[in-house]
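Please look over the structure below. The report covers the ligand shell, one strand and its partners, and the nonpolar core.

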Amino acid sequence: GKVLVSGANGFLAVWVVRAFLENGYAVRGAVRSADKGVHLSKIFKEYGEKFEVVEVPDITKKGAFDEAVKGVDAIAHTASPYHFKADDPAELLEPAIKGTVGMLESARRCGTAVKRIVVTSSTAAVLHDEPTPQTFTEADWDDQAVETVQRDGRNASNVHKYRASKTLAERAAWDFTKTHGASLTWDLTVLNPPLILGPILHEVPSPSLLNTSALQIFVSGGGGCWVDVRDIALAHVLAVKKEAAGGERIVIGREAFWWQDWLDATPEAAKANLKYQKGKPGSQKDIIPPVSYDASKSVRILGMEYRDMEETARDVVSDYEERGW
Ligand code: NDP
């Protein structure tokens, strides 16, 4: 089979492309401009004609993916802005929503061979702020962030703007399948990962230019939930392969953590040339992190097996060391 991966040059997407290639698929990677495909063509050279790049300059334009979807059996739509720098919420909302709906619309009209579409949503579309520690499931929606952004506009926090973009984009995807229902040749699977961490394959000229999640490792305070980038990449392949994943929203991820846990998991980090913090080893062990997720559905439907923190941390450190960071 052949798979279209949008945003193919991103942190997650390069691993998604690789996971599909390793599993025998041919891949068409969509990027905004030809220069963003050069690094990809280099690292996937060994796959020859099984990997190709297509340019989609503006994902918010009507019919943007019309050509890109032709002849593919499945689609992994990962392209969406993930940063906390937007003043105007539309900077995040427009590409997130229009990019997603546009992809589905192109697939509906031009993707005659498409059988499954996987949209990369996020736990940002799942969690909401609560006063006590919570475990969220696929039944939860972050409508709170949407309301906050609708009310406060530019004055909403940048995190809420991002969370609203993911919630609205995912809701729009499900609405699309409801509206067009039986006329579609494909069904939809949505994956909801938490913070994605791990070694990098995409092009990063310097550590300060890392993508939003990778940038946070070893330097942030507080806590969260996480998944290894290689695990969530494989989840995209499994979401295409498994019949039972059709029509499902699936939380992907490991346990909640405090950043201190990452510092404690990487004694070798001290040797690396990175400015890792040491924090206070073991200091937060007895405090329950505020947010966690029940990812049992991912095990049941996709058969997910997750890497642990020690492995991810070790691989990040050795990756960065090799780069001389
Ligand atoms: P990156 O920033 O590394 O990649 C984002 C990709 O989306 C890039 O290819 C980027 O293209 C593309 N993109 C962003 N904005 C636009 C736009 N306006 N028009 C066209 N393309 C655009 O982020 P990640 O790899 O971390 O994120 C990938 C997906 O995973 C996103 O949907 C994100 O919301 C989701 N996700 C990420 C998590 C994480 O912790 N990393 C957690 C949960 C979900 P370009 O390089 O040209 O800007």
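## Ligand shell

A residue counts as near a molecule if its C-beta atom, placed from the backbone, lies within 6 Å of it. The model is predicted. In it, 23 residues surround the ligand. Gly7, Gly10, Ser80, Pro95 and Ser213 come nearest. Two elements, α1 (11–22) and β8 (195–197), give two or more residues to this shell. The largest share comes from α1, with three residues.

What is the make-up of the shell by class? Around the ligand there are 11 nonpolar, nine polar and three charged residues.

## Strand β7 and its partners

Strand β7 spans residues 187–192 and is mostly covered. Five of its six residues are buried.

Which strands pair with β7? Strand β5 (residues 116–120) does, in the parallel sense, over five bridges. Strand β10 (residues 249–251) also runs parallel to β7, joined to it by three bridges. Val190 of β7 has bridge partners in both strands: Val119, and Arg249 in β10.

## Nonpolar core

Nonpolar side chains tend to be buried together in soluble globular proteins. Here the largest nonpolar core has 95 residues. Val3, Val5, Val16 and Ile75 have the most contacts inside it.

What does Ile75 touch, leaving aside its neighbours within four places in sequence? Its contacts are Val3, Leu4, Val69, Met103, Ala107, Val114, Ile117 and Val118. One of these, Val3, is itself among the residues with the most contacts in the core.

Notes: Residues are numbered from 1 along each chain as its sequence is written. This is a predicted model: local features need pLDDT of at least 70, side-chain atom pairs count only at pLDDT 80 or more; totals for chains, interfaces and linings use all residues. Helices (H or I, at least four residues) and strands (E, at least two) are DSSP runs, numbered from the N terminus. Ala, Val, Leu, Ile, Met, Phe, Trp, Tyr, Cys and Pro count as nonpolar, Asp, Glu, Lys and Arg as charged, and the others, Gly among them, as polar. A residue is buried if 20 or more other C-beta atoms lie within 10 Å of its own, exposed if 12 or fewer, and partly exposed in between; C-beta atoms are placed from the backbone. Two strands pair if DSSP finds at least two bridges between them. A nonpolar core is a set of buried Ala, Val, Leu, Ile, Met, Phe, Trp, Tyr and Cys residues joined through C-beta atoms within 7 Å. Two residues are in contact if their C-beta atoms, placed from the backbone, lie within 7 Å.
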